[in-house]
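Reader: Please pick one part of this structure and take me through it closely. I want to know what it pairs with, what it touches and how it fits into the rest.

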Amino acid sequence: MFSRGMTLSLVGFAVACLMIVPAMAATTMMGNIEGVEKDSISVKAIDGEIQTFKVEASARITLDGKRATLEDLKTGDSVMVTTKKKNDITLAVAIAARTKS
């Protein structure tokens, strides 16, 4: 049997692993905004592939380094979208955009 201290250490380690794994599951896509809807964003990657993501209600959105809303983003702006899978749906959890020059 494990001692109480060893059990608490193992539980703490397991909790830490559970907190790290979701953070590692995030992916990032860079490209230009192809379109913006009420709760989604379409991004055209450098290779020409277009992907559309539902934007999570709590997503952190910035434009030129300042807090913004989805409505502030425009077609053609360059963008980096960080996504996570949740219940088999890919959600945008962070969007960092720069206005096109």
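**A close look at strand 3**

Author: V55 has its bridge partner in strand 6, and that partner is A92. This is a predicted model. The part to follow is strand 3, which covers residues 50-63.

Start with the setting. The chain has 1 helix and 6 strands. Along the sequence they follow the pattern α-β-β-β-β-β-β. Of the 101 residues in the chain, 27% are buried. Take the contacts with a separation of 6 or more: residues 24 or more positions apart account for 49% of them. The accessible surface of the chain comes to about 7,200 Å². Carbon and sulfur atoms hold 60% of that surface.

Now the partners of strand 3. Strand 6 takes in residues 89-98 and runs parallel to strand 3. The two are joined by 6 bridges. The pair V55 and A92 belongs to this pairing. T62 also faces strand 6, where it stands opposite A96.

A96 leads on to another strand. M80 has A96 as its bridge partner in strand 6. Strand 5 spans 78-86. Strand 5 and strand 6 pair in the antiparallel sense, over 9 bridges. A hairpin links these two strands, with 2 residues between them. In its turn, N87 has a positive phi of about 55°.

Back to strand 3, and to strand 2. These two run antiparallel and are joined by 5 bridges. S42 is a good place to look. S42 lies in strand 2 and stands opposite T52 in strand 3. The side chains of S42 and T52 also make a polar contact, at 2.7 Å. How exposed or buried is S42? S42 counts as buried, because its relative accessibility is 15% and the cut-off for buried is under 20%. Leave aside residues up to four places away in sequence, and S42 touches N32, I33, E34, G35, I50, Q51 and T52.

The link between strand 2 and strand 3 is a hairpin, with 4 residues between the strands. G48 sits in that loop and takes a positive phi near 95°. At 34% relative accessibility, G48 is partly exposed. G48 and G31 are 17 residues apart along the chain. Their C-alpha atoms are separated by 8.9 Å.

The end of strand 3 leads into another hairpin. Strand 4, residues 66-67, runs antiparallel to strand 3, and 2 bridges join them. L63 stands opposite K66 in strand 4. This hairpin has 2 residues between its strands. D64, in the turn, has a positive phi of about 55°.

Next, charge. Side chains of opposite charge can pair when their charged atoms come close. The structure holds 1 salt bridge. It joins the side chains of K54 and D39, at 3.2 Å from N to O. What does this pair connect? K54 lies in strand 3, while D39 is in the loop between strand 1 (27-36) and strand 2 (40-45), so the salt bridge ties together parts that are 15 residues apart in sequence. How covered are the two partners? K54 is partly exposed, with 41% relative accessibility. D39 is partly exposed as well, with a relative accessible area of 34%.

Then the nonpolar side. In a regular strand the side chains alternate between the two faces of the sheet. The largest nonpolar core has 18 residues. I41, V55, I61, L73 and I95 touch the most other members. Strand 1, strand 2, strand 3, strand 5 and strand 6 each give two or more residues to this core. Which strand gives the largest share? Strand 3 does, with 5 residues.

I61 shows how one core residue reaches out. Leaving aside neighbours within four places in sequence, I61 is in contact with V55, K66, R67, A68, T69, L70, L73 and I95. V55, L73 and I95 appear again here, and they are among the core residues named above.

To sum up strand 3. It pairs in the antiparallel sense with strand 2 and with strand 4. It runs parallel to strand 6. It carries K54 of the salt bridge. It also gives 5 residues to the largest nonpolar core.

Conventions:
Residues are numbered from 1 along each chain as its sequence is written. This is a predicted model: local features need pLDDT of at least 70, side-chain atom pairs count only at pLDDT 80 or more; totals for chains, interfaces and linings use all residues. Side-chain values use heavy atoms; hydrogens and water are left out. A salt bridge is a side-chain nitrogen of Lys or Arg within 4 Å of a carboxyl oxygen of Asp or Glu. Buried means under 20% relative accessible area, exposed over 50%, partly exposed in between (1.4 Å probe, protein chains only). A polar contact is a pair of N or O atoms within 3.5 Å; within protein, one must be able to donate a hydrogen and the other to accept it, and residues adjacent in sequence count only if both atoms are side-chain atoms. Contact means heavy atoms within 4.5 Å. Two strands pair if DSSP finds at least two bridges between them. Accessible areas come from the Shrake-Rupley method with a 1.4 Å probe; for residues, only the protein chains shown count as cover. A nonpolar core is a set of buried Ala, Val, Leu, Ile, Met, Phe, Trp, Tyr and Cys residues joined through side-chain atoms within 4.5 Å.
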